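User: Please take a close look at the nonpolar core of this protein. I would like one connected account that sets the core within the overall fold.

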Amino acid sequence: MVKARFWEQKALSELSQDEWESLCDGCGKCCLHKLEDEESGDVFYTDVACQLLDLHSCRCSDYGNRLARVPDCLELTPAQIDSFDWLPVTCAYRLLADGQPLPSWHHLESGDRESIHRAGMSVQGRAIAEQRVATGDLEEHIVHWVE
């Protein structure tokens with residue numbers, strides 16, 4: 001059972017699994033392919049989505065098996081809080097780790113999982129399936145709309 005406004009009452013490390021999972025806003029940005037500059041460490045997002053990302057709902061189509069099916073898929077856990085700087089600045093995990101509030105369009109604030117899409121904060125309508133991109137062409141798909 002998830003307690004009302006739990007994210008304001010607990011540290012990320014104190015959350016139950018259900019509470020942790022419910023923080024995900026469903027933006028899909030973490031499921032975009034990213035490129036890292038080897039010299040600077042800067043991370044660049046592309047508009048190319050993981051094969052499992054449903055481009056309409058912006059949710060993983062096989063969440064329970066994603067780590068087995070996509071070897072480079074990352075599992076976010078409270079133990080990794082110090083390394084969340086690669087996540088978009090709008091991500092609830094990153095916001096809360098940085099002591100910031102959830103935005104008004106986040107479903108835990110709005111009560112509506114579709115509010116993120118109406119606010120234009122998800123990848124809905126902006127991402128493409130990785131199957132449509134030739135191997136080695138990711139640099140041509142770098143985008144700057146991921147905050």
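**The core and its setting**

Analyst: This is a predicted model, and its protein has five helices and three strands. Along the sequence these elements run in the order α-β-β-α-α-α-α-β. The radius of gyration is 15 Å, close to the 15 Å that the globule rule gives for 147 residues, so the protein is as compact as a globular protein of that length. Taken along the principal axes, the box filled by the C-alpha atoms is roughly 45 × 35 × 30 Å.

Burial and contacts come next. Of the 147 residues, 37% are buried. Among contacts with a separation of 6 or more, 56% are between residues 24 or more positions apart.

In soluble globular proteins, nonpolar side chains tend to be buried together. Here the largest nonpolar core has 24 residues, and the members that touch the most other members are W20, L23, L32, L76, L87 and Y93. Two elements, β2 (43–49) and α3 (92–97), give two or more residues to this core. Of these, α3 gives the most, with three residues.

L32, one of the core members that touch the most others, can be followed through its contacts. Leaving aside neighbours within four places in sequence, L32 is in contact with Y45, T46, D47, V48 and A49, and also with V123, A127, W145 and V146. Since β2 covers 43–49, the run from Y45 to A49 among those partners belongs to that strand.

Helix α3 holds R94 as well. R94 has a relative accessible area of 18% and counts as buried, because the cut-off for that term is under 20%. Leaving aside neighbours within four places in sequence, R94 is in contact with F84, D85, L87, P88 and V89. One of these partners, L87, is also among the core residues that touch the most other members. F84 is ten residues from R94 along the chain, and their C-alpha atoms are separated by 5.8 Å.

The last items concern the surface and the charges. The accessible surface of the protein comes to about 8600 Å², and carbon and sulfur atoms hold 48% of that area. There are 13 positive and 27 negative side chains in the protein, with the centres of the two sets 9 Å apart.

Definitions and conventions
Residues are numbered from 1 along each chain as its sequence is written. This is a predicted model: local features need pLDDT of at least 70, side-chain atom pairs count only at pLDDT 80 or more; totals for chains, interfaces and linings use all residues. Side-chain values use heavy atoms; hydrogens and water are left out. A nonpolar core is a set of buried Ala, Val, Leu, Ile, Met, Phe, Trp, Tyr and Cys residues joined through side-chain atoms within 4.5 Å. Buried means under 20% relative accessible area, exposed over 50%, partly exposed in between (1.4 Å probe, protein chains only). Helices (H or I, at least four residues) and strands (E, at least two) are DSSP runs, numbered from the N terminus. Contact means heavy atoms within 4.5 Å. The radius of gyration is taken over C-alpha atoms; the globule rule is 2.2 Å times the number of residues to the power 0.38. Accessible areas come from the Shrake-Rupley method with a 1.4 Å probe; for residues, only the protein chains shown count as cover. Lys and Arg count as positive and Asp and Glu as negative; His and the chain ends are not counted. The place of a charge is taken as NZ of Lys, CZ of Arg, CG of Asp or CD of Glu.
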